[in-house]
Amino acid sequence: MIIRNIAIAGAGTMGAGIGQILAQHGYHIKLLDLTKTDLDRGRSTIQANIETLQAHDMITPEAIERIDRNISYTTTIEDVSEVDLVIEAIVEKLAIKQAFWTRVEPLVGPDTILASNTSGLSIDAMSETITKPERFIGMHFWNPPHIMPLVELIKGKQTTDEVVTRLETLCQRLGKVSVVVQKDVPGFIGNRLQFAVLREALHLLEAGIATAEDIDKAMRFGPGFRYPHLGPIETADLGGLDVFALISEYLNRELSDEKGVSARLQDKVSQGHLGTKTGRGFYDYPADTLIEVLRQRDVRLLAQLQLSAKVNNKSL
């Protein structure tokens with residue numbers, strides 16, 4: 001069965017970006033949210049994304065026209081009834097996601113794939129309220145989804161190989177790179193790696209070993225400089241497994257094994273310093289610079305995307 005019609009629940013940053021990239025590639029999208037205000041915010045997100053892509057000659061007028069033509073906006077949940085795939089990108093709370101799927105599943109056809117864009121919640125737990133869990137899967141796009149290539153496909157205990165294959169094909173048509181998470185574990189692959197790095201970074205900060213600025217520089221211009229082209233396991237092969245084994249003997253015992261939230265991170269949250277959303281986190285973000293900070297993030301990611309496509313001989 002070919003996927004043509006897709007419903008996306010949630011018109012926030014993730015849902016809007018996912019809808020944009022799908023519509024750009026010719027899929028018919030129904031973008032669903034609770035209120036017109038939510039949908040208008042989604043429209044604005046898509047427009048801002050398009051403007052950034054235009055500024056770097058990374059989107060054609062024809063692609064923009066496809067996006068406009070292929071996305072319809074709705075607050076009526078029954079509008080998802082005639083789709084081939086539902087992607088849920090709502091708030092990261094298990095009970096709310098389960099309630100959403102309980103309401104949606106009876107509305108769709110028996111062969112419709114049900115996919116959650118959760119960043120790390122259990123796929124098996126989410127599917128407990130679903131009558132056909134074999135068609136349920138995690139489909140985790142990375143933020144910002146219109147730029148980041150990775151999509152994690154997370155199998156539940158009953159997810160069929162056919163569902164995985166169909167979504168792998170979809171990702172390939174989008175120009176995305178998909179990976180299959182064979183076992184449903186919290187955080188999947190990408191976030192487990194990301195949070196392992198963050199745990200050690202915050203430990204270095206709390207211990208006074210380095211400043212936030214120097215920790216970020218060390219990652220960006222050290223191991224992070226390799227990572228777009230060499231993963232950690234490839235790096236070990238190239239560096240010599242004997243060397244990495246010797247270093248592991250003395251270094252692993254020194255690394256942070258914090259099981260809870262970092263004290264420094266918890267302090268920031270308790271003070272209401274949540275990062276760009278409040279104007280202050282580990283760094284300060286004055287209101288008049290915030291848009292430029294986010295634009296510069298996207299500029300750098302787009303440059304990396306172009307380089308990656310060139311290195312791997314792929315067209316964008």
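## Surface, salt bridges and backbone of a predicted model

V179 is partly exposed, because its relative accessible area of 29% lies between the limits of 20% and 50% that separate buried from exposed residues. This residue belongs to strand β8, which covers residues 177-181. The structure described here is a predicted model, and each value in this report is computed from it. Between V179 and G240, which are 61 residues apart along the chain, the C-alpha atoms are separated by 26 Å.

**Domains**

The domain assignment divides the protein chain into domain 1 (5-181), domain 2 (190-225 + 256-313) and domain 3 (226-254). Domain 2 is thus given as two segments, 190-225 and 256-313. The C-alpha centres of domain 1 and domain 3 are 36 Å apart.

**Surface patches**

Two surface patches are described here, one charged and one nonpolar. The negative patch brings together E206, D257, E258 and D267. One of these, E258, is located in the loop that connects α11 (241-251) with α12 (263-270). E258 has a relative accessible area of 39% and is therefore partly exposed. Membership of a patch requires over 30% relative accessible area and no salt bridge, and the 39% of E258 meets the area requirement.

The nonpolar patch has an area of about 480 Å² and is formed by V243, F244, I247, Y250, L251 and L255. Among them, V243 is a residue of helix α11. Its relative accessible area of 37% makes V243 partly exposed, and this value also satisfies the requirement of over 30% for patch residues.

**Salt bridges**

Side chains of opposite charge can pair when their charged atoms come close. In this model, 11 salt bridges are counted. Three of the pairs are listed below with the distance between their closest N and O atoms.

| Salt bridge | Closest N to O distance |
|---|---|
| D38 with R41 | 3.2 Å |
| E65 with R69 | 2.2 Å |
| D298 with R297 | 2.9 Å |

For the last pair in the table, the two partners fall into separate burial classes: D298 is buried at 8% relative accessible area, whereas R297 is partly exposed at 34%. Elsewhere, K36, D40 and R43 are joined into one network by salt bridges that share partners.

The pair D38 and R41 lies within helix α2, residues 36-55. Their spacing is 3 residues, about one turn of the helix. With a relative accessible area of 18%, D38 is buried, because the limit for that class is under 20%.

E65 and R69 also share a helix, here α3 (residues 61-70). They are 4 residues apart, so about one helical turn separates them. E65 has a relative accessibility of 39% and therefore counts as partly exposed.

**Backbone geometry in loops**

Most residues other than glycine have a negative phi, and most peptide bonds are trans. The features below depart from these general tendencies. The peptide bond that runs from N143 to P144 is cis, its omega being near 0 degrees. P144 is situated in the loop between β6 (136-141) and β7 (150-155).

Positive phi values occur at D57 and at F188. D57, a residue other than glycine, has a phi near 55 degrees; this residue lies in the loop that links α2 to α3. F188, which is not a glycine either, has a phi of about 60 degrees. The position of F188 is in the loop between β8 and α7 (190-206).

Is each of these two loop residues buried or exposed? D57 is exposed, because its relative accessible area is 71% and the class begins over 50%. F188 is buried, with a relative accessibility of 2%.

**A further helical position**

R103 is part of helix α4, residues 94-104. The relative accessible area of R103 is 53%, so this residue is classed as exposed. From R103 to G120 the separation is 17 residues in sequence and 22 Å in space, taken from C-alpha to C-alpha.

Terms used:
Residues are numbered from 1 along each chain as its sequence is written. This is a predicted model: local features need pLDDT of at least 70, side-chain atom pairs count only at pLDDT 80 or more; totals for chains, interfaces and linings use all residues. Side-chain values use heavy atoms; hydrogens and water are left out. Patches are made of residues with over 30% relative accessible area and no salt bridge: like charges are joined within 9 Å, nonpolar side chains (Val, Leu, Ile, Met, Phe, Trp, Tyr) within 5 Å. Accessible areas come from the Shrake-Rupley method with a 1.4 Å probe; for residues, only the protein chains shown count as cover. A salt bridge is a side-chain nitrogen of Lys or Arg within 4 Å of a carboxyl oxygen of Asp or Glu. Lys and Arg count as positive and Asp and Glu as negative; His and the chain ends are not counted. The place of a charge is taken as NZ of Lys, CZ of Arg, CG of Asp or CD of Glu. Helices (H or I, at least four residues) and strands (E, at least two) are DSSP runs, numbered from the N terminus. Buried means under 20% relative accessible area, exposed over 50%, partly exposed in between (1.4 Å probe, protein chains only). Domain bounds come from an automatic or database domain assignment.
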